[in-house]
Amino acid sequence: MIIKPRGTSDILPADSPLWQKVESAARETAELFGYGEIRFPTFESTELFQRGVGSTTDVVQKEMYTFADKDGRSMTLRPEGTACVVRSIIENGLCGDAMPLKLYYFTSCFRYEKPAAGRYREFYQFGTELFGADTPSSDASVIALAYTFLQKLGIKDVKLKINSIGCKNCRPAYRQALIEYFSGYEAQLCDTCRQRLQTNPMRILDCKSPECQKIAAGAPKVTDHLCDECRAHLSELTSLLDGMGIAYELDPGIVRGLDYYTKTVFEFIAPVDVDKKTGEKKELAICAGGRYDGLVEEIGGPSLPGIGFAAGMDRLVAAIRLSEQELPAKAKPAVYFAALGARAAAESNKLAYRLRQEGIYAECDIVGRSLKAQMKYADKIGAKYTVIIGDNELDRQSAVLKNMEDGAQLEVSFEELYKILSERG
Ligand code: HAM
């Protein structure tokens, strides 16, 4: 048997209604906030992520699916969407449009991570990006969008954590403080972090190696090194959130794993799994993002500030399942036509087709079951009404419509079926 690659998943028809609920809530909320949808390729040139996400991040150094195409060009399956959106708006000339430019997307992402609950090698994101505004109120509007979306999904125990990781003015001093601190632990750091010590010490803060994480816990906090402008920006953002009644926690430990962030960063955390032995809930980031004021320029565009987030849809689905709410299920047919004989089977097909054309979900036998087996099947798929058609019914062009819930029966002509069914939903 051929099996799927590790860390990937099949989303089966029984699970799809929940995914569709997440997708519709995402689309509805994004459009309510004035965002338009953007779609971009599954693979891009590797250089885009090296420059955008950062060549010393875990994502670029350890997790990308990179390959040479038939012409020997280095290509990478997108590990995230932001760099792709930025490439697309530059290439398509959208940076000159009236600002702000507000975009949303659904994308699959590929990262070669160690698979675990909530951590996959192919996963799905709903993301938004807002360009052309660098104000705290633009940050607040993006966080409010994410908050509204998560509220619509009814996920329980969501926590919002916020931080500022500074800008190009205050970052150098913080970087220096980190180099001084981590130099004292150089021998204990993993090989990658030892190299990062001089190239990008901030990345040691989100290294997944347990030893590096232990050392990073005592590192200087970015919030102690912010310039006045970054401090004021954060303070205005928090008062805007207070004004909107959106609860948050300031957490200087949120540094994010991608290089493009400046100033505001945030993560919404929620339980996505339960340990079967201990009953303890495992919390993960279900939605995360931040400001990236230098990214458009870094990728070759004009100086254009940006901010956005991406919500991991696999984690959202897991969090909804833990939230003890009624889960959506596949739609059930309004009517099932059971046929006795070939002539009746042909008529059933015709009637089902006619009703579907009118927007009514109808089913009939197409596998050649006996009448008894057809009735059993109608029950299994949860048909609200059944109609049995045999020679007598064909002759009088009418049949008995049976309500499967209460057993009530009604003789209706084939002509009237649509009217009756649309009235009875
Ligand atoms: P990220 O934090 O790498 O940010 O990913 C965003 C979200 O994707 C995470 O919070 C998580 O829910 C989900 N996610 C990440 N990795 C995995 C995985 N291996 N398995 C399952 N879910 C995962 C970004 O990707 C940025 N592009 C977000 C952004 C948009 N920032 C600004 N604009």
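Visitor: Is S138 buried or exposed?
Guide: This is a predicted model, where local features need pLDDT of at least 70, side-chain atom pairs count only at pLDDT 80 or more, and totals for chains, interfaces and linings use all residues. Numbering runs from 1 along each chain as its sequence is written, and side-chain values use heavy atoms, without hydrogens and water. Buried means under 20% relative accessible area, exposed over 50%, partly exposed in between (1.4 Å probe, protein chains only). S138 has a relative accessible area of 5%, so S138 is buried.

Visitor: Which residues is S138 in contact with, leaving aside neighbours within four places in sequence?
Guide: Contact means heavy atoms within 4.5 Å. With those neighbours set aside, the partners of S138 are L130, A133, R291 and I307.

Visitor: Which backbone oxygen does the side chain of S138 reach?
Guide: The distance is 2.6 Å. The backbone oxygen belongs to T135.

Visitor: How do the residues lining the second largest pocket divide?
Guide: A pocket is an open set of points on a 1 Å grid over the protein atoms alone, where a 1.4 Å probe fits, with protein on both sides within 12 Å along at least five of seven lines; lining residues have an atom within 4 Å of a point. The lining of this pocket counts 35 residues, with K168, R171, Y261, T262 and G294 nearest its centre. Ala, Val, Leu, Ile, Met, Phe, Trp, Tyr, Cys and Pro count as nonpolar, Asp, Glu, Lys and Arg as charged, the others, Gly among them, as polar. The split is 12 nonpolar, 11 polar and 12 charged.

How values were computed
Polar contact = N/O pair within 3.5 Å; in protein donor to acceptor, adjacent residues only side chain to side chain.
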